[in-house]
Amino acid sequence: QVQLVESGGGLVQAGGSLRLSCAASGRTFSSYAMGWFRQAPGKGREFVAAVSGGGEITWSAASVKGRFTISRDSAKNTVYLQMNSLKHEDTAVYYCAAHPAFGPLVRGQADYWGQGTQVTVSS
């Protein structure tokens with residue numbers, strides 16, 4: 001079966017860093033755009049960052065630009081989200097997602113979603 005499994009979440013102080021990983025299995029995702037979304041309590045799902053299948057294109061939300069970096073390792077079928085200078089407002093459940101095309105993924109469309117990993121930033 002096809003799965004996306006996030007890991008790396010946890011509790012961190014404001015100003016600190018975390019690296020999230022999304023390990024894919026069941027098929028290769030080298031031709032898929034991959035991205036990260038987040039959802040805070042009582043809030044809707046928010047786009048965070050995405051990378052195209054070939055890695056040529058990356059895009060991140062204005063709220064995280066300059067602080068978060070998305071990358072992928074096709075050989076490992078894994079996508080990462082490096083989060084630096086974390087703020088309290090970054091607290092959310094972070095989800096990994098995949099779609100064959102970059103544009104639809106940025107808009108929230110996905111064929112596959114992970115189960116989510118909790119990121120909590122204390123002040």
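Let me start with two strands: strand 5 and strand 6, the latter covering residues 58-60, pair in the antiparallel sense over three bridges. Please keep in mind that this is a predicted model. One of the matched positions involves Ala49, whose bridge partner in strand 6 is Ser60. Between strand 5 and strand 6 there are six residues, and the two strands form a hairpin. In that turn sits Gly55, with a positive phi of about 80°.

Now the other neighbour of strand 5. Strand 4, residues 33-39, is joined to strand 5 by five bridges, and the two run antiparallel. Here Met34 stands opposite Val51 of strand 5. This pair of strands also makes a hairpin, with six residues between strand 4 and strand 5. Its turn contains Gly42, which has a positive phi of about 75°.

How many of the six residues of strand 5 are buried? Five are, so to speak of the strand as mostly covered is fair, given that buried means under 20% relative accessible area. Strand 5 itself spans residues 46-51.

Next, the disulfide. The count for this model comes to one. It joins Cys22 to Cys96, with the two sulfurs 2.1 Å apart. About the S-S bond the angle is -80°, and the link is left-handed. The pair connects distant parts of the chain: Cys22 belongs to strand 3, residues 18-25, while Cys96 belongs to strand 9, and 74 residues separate them. Are these two cysteines buried or exposed? Cys22 counts as buried because its relative accessibility is 0%. Cys96 is buried as well, because its relative accessible area is 0%.

That brings us to the end of strand 9. This strand runs over residues 92-99, and His99 lies in it. Why does His99 count as buried? Its relative accessibility is 14%, and the cut-off for buried is under 20%, so His99 falls on the buried side.

What does His99 touch, leaving aside residues up to four places away in sequence? Its contacts are Tyr32, Ala33, Pro104, Leu105, Gln109, Ala110 and Asp111. There is also a polar atom of the His99 side chain that lies 3.0 Å from the backbone nitrogen of Ala101. As for a residue elsewhere in the chain, Gly9 is 90 residues away from His99 in sequence, and their C-alpha atoms are separated by 23 Å.

To go back over the main items: strand 5 pairs with strand 6, strand 5 is joined to strand 4, and a disulfide joins Cys22 to Cys96. That is what I have for today.

Notes
Residues numbered from 1 in each chain as written. Predicted model: local features only at pLDDT ≥ 70, side-chain atom pairs only at ≥ 80, totals over all residues. Heavy atoms only, no water. Helix = DSSP H or I, 4+ residues; strand = E, 2+ residues; numbered from the N terminus. Buried < 20%, exposed > 50% of the residue type's maximum accessible area, 1.4 Å probe, protein only. Contact = heavy atoms within 4.5 Å. Polar contact = N/O pair within 3.5 Å; in protein donor to acceptor, adjacent residues only side chain to side chain. Disulfide = S-S within 2.5 Å. Pairing = 2+ DSSP bridges.
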